[in-house]
Amino acid sequence: ISALFSNWAQSLFAGSNFGGLSGVVYALISYVGLTGLRAPEKGIGVPTGLIVFSILWIIAGYMGILGDSIGNAAHFAGFLIGFLLGFVGNTARG
């Protein structure tokens with residue numbers, strides 16, 4: 001899901017000359033990070049610093065600090081998709 005939507009988002013901004021899985025990595029970071037916060041009993045999580053670094057890297061990419069060949073839309077879309085999946089997958093049931 002994250003590969004499909006993050007690459008699609010990037011193709012909207014950069015055309016069809018794009019390919020990569022960095023959006024999946026960002027989705028995984030946000031999904032596991034949110035799962036660790038919302039459901040610590042599952043025993044997974046990432047360091048808070050990694051989440052902060054990922055967000056700062058997305059911001060730096062959009063500001064142009066990292067150059068033009070960064071998949072900014074893929075990173076942002078992947079992070080957002082992972083967050084949404086983590087939120088839906090870890091809602092309280094009952």
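Helices (H or I, at least four residues) and strands (E, at least two) are DSSP runs, numbered from the N terminus. The model is predicted: local features need pLDDT of at least 70, side-chain atom pairs count only at pLDDT 80 or more, and totals for chains, interfaces and linings use all residues. Residues are numbered from 1 along each chain as its sequence is written, and side-chain values use heavy atoms, leaving out hydrogens and water.

**Exercise 1.** Determine the secondary-structure pattern of the protein and its overall dimensions.

*Solution.* Step one: the protein contains four helices and zero strands. Step two: along the sequence, the pattern reads α-α-α-α. Step three: the C-alpha trace spans about 45 × 25 × 15 Å along its principal axes.

**Exercise 2.** Describe burial and contacts in the protein.

*Solution.* Step one: of the 94 residues, 33% are buried (under 20% relative accessible area; exposed is over 50%, partly exposed in between; 1.4 Å probe, protein chains only). Step two: among contacts (heavy atoms within 4.5 Å) with a separation of 6 or more, 65% join residues 24 or more positions apart.

**Exercise 3.** Locate the nonpolar surface patch and place leucine 4 within it.

*Solution.* Step one: a patch takes residues with over 30% relative accessible area and no salt bridge (a side-chain nitrogen of Lys or Arg within 4 Å of a carboxyl oxygen of Asp or Glu), joining like charges within 9 Å and nonpolar side chains (Val, Leu, Ile, Met, Phe, Trp, Tyr) within 5 Å. Step two: Ile1, Leu4, Phe5, Trp8, Leu12, Phe13 and Leu85 form the nonpolar patch, together about 840 Å² of accessible area (Shrake-Rupley method, 1.4 Å probe; for residues, only the protein chains shown count as cover). Step three: helix H1 (residues 2-14) supplies its largest share, five residues. Step four: leucine 4 lies in helix H1 and is exposed because its relative accessible area is 58%.
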